[in-house]
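The following exercises are to be worked through with the sequence and the model side by side. Each task is followed by a solution in steps.

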Amino acid sequence: MKIFTSAQIHELDKFTIEHEPIKSIDLMERAAKALTKAITERWRTAVPVVVFAGPGNNGGDALAVARMLQDEGYSVKTYLFNVEAHLSDDCRENKRRLEEKRGSQFTEVTQEFDPPQLESGMLVVDGLFGSGLNKPLSGGFASLVKYINASAAEVVSIDIPSGLMTEDNTYNVRANIIRADVTLTLQHKKLCMLFAENQSLIGELKVLDIRLSREGIEKIDAHYTMLEESDVRPRLLRRDPFSHKGTMGNALLIAGSYGMAGAAVLAAKACLRSGAGKVTVHSPKKNVNILQTTVPEAVLQIDREETTFSEATETEDFQAVGIGPGLGTTEQTSIAMISQLRRTQCPIVCDADAINMLANHHAWIQQLPKDIILTPHPKEFDRLEGHSADSFERLSKARDLAQRISAYVILKGHRTALCCPDGHIVFNSTGNAGMATAGSGDVLTGILTALLARGYQHRDACIVGMYLHGLAGDIAAREMGEESLIASDIIKYLPKAFKRLID
């Protein structure tokens with residue numbers, strides 16, 4: 001699924017109007033019908049409705065919705081804000097249609113505004129500003145937003161909460177953004193809707209299909225996409241009936257300092273469950289008994305040090321290497337880690353403490369091998385590339401890093417984002433809040449390392465790996481709930497995730 005920018009949304013609307021063909025006012029009517037249907041399915045006619053419409057096409061949508069709600073038997077008060085004496089053509093036409101409606105309670109605000117009383121049990125329809133907004137709200141509109149947010153009324157926003165910009169809100173004023181209970185967005189999710197800090201503004205999100213041109217959607221080259229199951233299934237590699245462990249990939253995991261053996265255990269188990277024919281774990285001497293007992297299927301390669309990873313190892317016999325979970329960040333381990341990265345010829349997954357060590361030795365980043373996969377969570381990424389004010393800024397930095405060093409950067413979170421060397425960003429659609437638990441990232445490292453060892457190309461390994469990781473977590477959450485989910489549960493449900501995609 002493509003995620004379009006505000007400019008591309010306008011382009012798609014224009015393409016639909018020209019090629020369906022359909023008049024822009026009729027396309028607005030189509031959108032308003034979908035919006036009205038969603039509202040009437042949720043709120044009864046006894047609920048008083050107050051509609052706030054802006055001067056652009058978002059306001060035109062709101063005016064059309066007000067008219068249709070009145071037709072459905074709702075009591076509707078509508079306020080159109082036309083303080084600069086300029087309305088879009090379709091907004092002006094919908095103003096005319098609403099004014100001609102007998103019994104309409106319509107007010108056009110051009111100067112002074114006496115706001116209506118907003119109380120519990122009422123519904124506010126927010127149609128002030130849509131996806132075309134490109135600067136923070138100020139003045140009277142900011143005051144109106146604060147007034148709405150301070151009320152006890154429920155708020156439904158048309159397309160996007162007014163004041164929220166479609167992509168970059170780094171320098172926005174959050175107090176001047178509508179805090180919606182429900183957002184009814186048109187055709188596609190917007191980029192800002194994928195960021196954690198915006199969820200309290202968006203509320204419950206519902207995507208409405210308004211039948212924009214399929215040809216236009218296909219033709220527009222989106223920089224952002226959202227993974228769907230149909231994107232993942234064709235990428236899966238099938239097992240040859242005559243395969244054996246030697247043909248299914250030999251993976252090496254360098255993980256676990258003393259006291260952090262659990263990270264190595266989780267990564268190794270996930271690697272085995274993800275189809276690798278053979279998994280070797282390089283870990284300090286003091287972790288041997290733990291690993292032999294908990295992961296008997298894994299081969300151990302024992303470091304000469306008792307408690308830390310101290311020296312790079314040969315990788316000629318391996319098809320993929322995963323490094324970082326639970327390693328610690330001592331100087332000896334740091335030197336061993338960068339030495340390992342320099343000498344390894346096969347695909348590499350770099351996670352956790354390996355990323356923290358790179359952050360401590362920033363010049364090493366330029367020495368990373370091409371196509372390395374980095375899997376930082378937000379704090380690890382901020383250590384690596386500097387503090388980010390919000391998710392958009394962090395994502396932009398991750399994309400820049402991926403392009404600059406020709407790497408795959410998997411920025412972990414509720415909507416994990418894969419930043420590719422070509423600048424494309426792929427958001428994962430699986431996963432849940434129950435996966436916010438220690439060890440989840442170690443499991444992802446194991447999955448990715450196994451897929452690389454199995455023969456997946458880097459991009460496919462990242463896409464399949466992050467989708468499987470989230471899907472296993474979703475299946476686990478459905479069966480046991482989010483609250484009690486732990487990282488080993490993700491591994492437990494990996495077989496069901498694979499089965500769902502393969503069957």
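A crossover is called right-handed if, with the strands pointing away from the viewer, the path from the first strand over the helix to the second runs clockwise. The model examined here is a predicted one.

**Exercise 1. Determine the handedness of the crossovers on either side of strand E11.**

Step 1. Locate strand E10 at residues 250–254; five bridges join it to E11, and the two strands run parallel. Within this pairing, Ile-254 has His-282 of E11 as its bridge partner.

Step 2. Follow the chain from E10 through helix H9 (residues 261–273) to E11: the three elements form a right-handed β-α-β unit.

Step 3. Continue from E11 through helix H10 (residues 288–294) to E12; this β-α-β crossover is likewise right-handed. E11 and E12 (residues 299–302) are also parallel, with four bridges between them, and Thr-280 is partnered with Val-299 in E12.

Step 4. Examine the cover of E11, which comprises residues 278–283: five of its six residues are buried.

**Exercise 2. Identify the strands at the edges of the sheet of 11 strands.**

Step 1. Write down the strand order of this open sheet, E1-E9-E18-E17-E16-E15-E14-E13-E10-E11-E12, and note that the pairing is mixed.

Step 2. Read off the edges: E1 (2–3) and E12 each have a single partner strand, so one side of each lacks a neighbour in the sheet.

Step 3. Take an antiparallel pair as an example of the mixed pairing: E16 (residues 408–411) and E17 (residues 417–419) are joined by three bridges. Here Leu-411 lies opposite Ala-417 in E17.

Step 4. Recall a general point when inspecting such strands: in a regular strand, side chains alternate between the two faces of the sheet.

**Exercise 3. Describe the connection between strands E3 and E4.**

Step 1. Find E3 at residues 76–81 and E4 at residues 105–109; they run parallel and share five bridges. Leu-80 stands opposite Glu-108 of E4.

Step 2. Trace the chain from E3 through helix H4 (residues 89–99) to E4: this β-α-β crossover is right-handed.

**Exercise 4. Decide whether Ser-391 is buried or exposed, and describe its surroundings.**

Step 1. Place Ser-391 in helix H14, which covers residues 391–405.

Step 2. Apply the cut-off: a residue is buried under 20% relative accessible area. Ser-391 has a value of 16% and is therefore buried.

Step 3. List the contacts, leaving aside residues up to four places away in sequence: Ser-391 touches Phe-195, Ala-196 and Glu-197.

Step 4. Compare sequence and space: Asp-168 is 223 residues from Ser-391 in sequence, yet their C-alpha atoms are 9.1 Å apart.

**Exercise 5. Summarise the protein as a whole in terms of secondary structure, burial and charge.**

Step 1. Count the elements: the protein has 18 helices and 18 strands. Its C-alpha trace spans about 85 × 45 × 40 Å along the principal axes.

Step 2. Consider burial: 59% of the 503 residues count as buried. The exposed area is about 21400 Å², of which carbon and sulfur atoms supply 48%.

Step 3. Consider the contacts between residues at least 6 apart in sequence: 73% of them join residues at least 24 apart.

Step 4. Consider charge: there are 55 positive and 63 negative side chains, and the centres of the two sets are 3 Å apart.

Key
Residues numbered from 1 in each chain as written. Predicted model: local features only at pLDDT ≥ 70, side-chain atom pairs only at ≥ 80, totals over all residues. Heavy atoms only, no water. Buried < 20%, exposed > 50% of the residue type's maximum accessible area, 1.4 Å probe, protein only. Contact = heavy atoms within 4.5 Å. Areas by Shrake-Rupley, 256 points an atom, 1.4 Å probe, with all protein chains shown as cover. Lys, Arg positive; Asp, Glu negative; His and termini not counted. Charge placed at Lys NZ, Arg CZ, Asp CG, Glu CD. Pairing = 2+ DSSP bridges.
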